[in-house]
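I opened this predicted model to look up its salt bridges. My entries follow the order of the search.

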Amino acid sequence: MPMPWTYRHSSKEFSAFLEDVKEEMSLQSDNSTYTAVEGVLLVFRRRLTAQEGLAFASVLPSVLRAIFVKDWDISQPPVPFGDRASLTREAQALRPHHNLTPENAIEATARALRRSIRQQDLDRVLARLPKGAEAFWHVEVSDPRELEQRII
C-alpha cells in the first residue's frame with residue numbers, strides 16, 4: 001500500500017488549512033491562527049468520549065489529527081454542547097494572554113476543515129457523534145462549491 005497522501009504532504013496540507021482559517025478569521029499570524037484552531041478542536045474534543053474522538057480524528061488530516069489528540073486526558077467525562085457563543089468563549093480562553101481568537105473561530109475552522117477533507121467522510125462520522133456535533137461543524141453557504149475540497 002502506498003503511503004497515505006496526508007502523511008506524505010502533511011506540511012503542505014496543514015499550511016493550506018492554516019491559510020484558509022487565517023483568511024476567514026482575518027488574523028495576521030500563523031501563531032494566533034494556530035491558537036484559535038487548537039482552541040476550537042479542544043472545545044469539540046471535550047464533548048466526546050475517547051472512542052468518539054478517535055472516530056472523528058480518523059477523518060482529519062494528519063497534523064490536525066495530532067493536534068486533536070495531543071495531551072488528551074481521556075479520564076475526564078464529556079461535557080454537553082452549549083450554544084455557539086459559549087463554545088466560542090471557551091475556545092478564546094485557551095492561553096488567554098496570547099489569544100486573539102475572533103467570534104467566528106468555530107465557523108472559520110469548520111469552513112477550512114470542510115475544504116481540507118472529504119465532506120462525506122466528516123458528515124458520516126458526525127452523524128454518529130453526540131447531539132450537537134453536527135451543528136458544531138455546520139457551515140452556512142449560499143453555494144456548496146464554496147466548501148469543495150481543494151487539492152493542494
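The entries below take the salt bridges pair by pair, with location and accessibility.

Entry 1. I searched the whole structure and recorded 14 salt bridges.

Entry 2. I looked up Glu38 and found a salt bridge with Arg95, in which the closest N and O atoms are 2.5 Å apart. I then placed both partners: Glu38 is in helix α3 (residues 30-45) and Arg95 is in the loop between α6 (84-92) and α7 (105-116), so the contact ties together parts 57 residues apart in sequence. For accessibility, I noted Glu38 as buried at 12%, whereas Arg95 is partly exposed, with a relative accessible area of 34%.

Entry 3. I turned to Arg111, whose side chain meets that of Glu146 in a salt bridge of 3.2 Å, N to O. Arg111 belongs to helix α7 and Glu146 to the segment after α9 (133-136), so this pair ties together parts 35 residues apart in sequence. Here I recorded the arginine, Arg111, as buried with a relative accessible area of 12%, and Glu146 as partly exposed at 33%.

Entry 4. I asked which residues are linked with Arg111 and Glu146 in a network of salt bridges. The network consists of Glu24, Glu107, Arg111 and Glu146.

Entry 5. I examined Arg114 and found its side chain in a salt bridge with that of Asp123, at 2.9 Å from N to O. Is Arg114 buried or exposed? Its relative accessibility is 6%, under the 20% limit, so I entered Arg114 as buried. Asp123, at 36% relative accessibility, I entered as partly exposed.

Technical notes
Residues numbered from 1 in each chain as written. Predicted model: local features only at pLDDT ≥ 70, side-chain atom pairs only at ≥ 80, totals over all residues. Heavy atoms only, no water. Salt bridge = Lys/Arg side-chain N within 4 Å of Asp/Glu carboxyl O. Helix = DSSP H or I, 4+ residues; strand = E, 2+ residues; numbered from the N terminus. Buried < 20%, exposed > 50% of the residue type's maximum accessible area, 1.4 Å probe, protein only.
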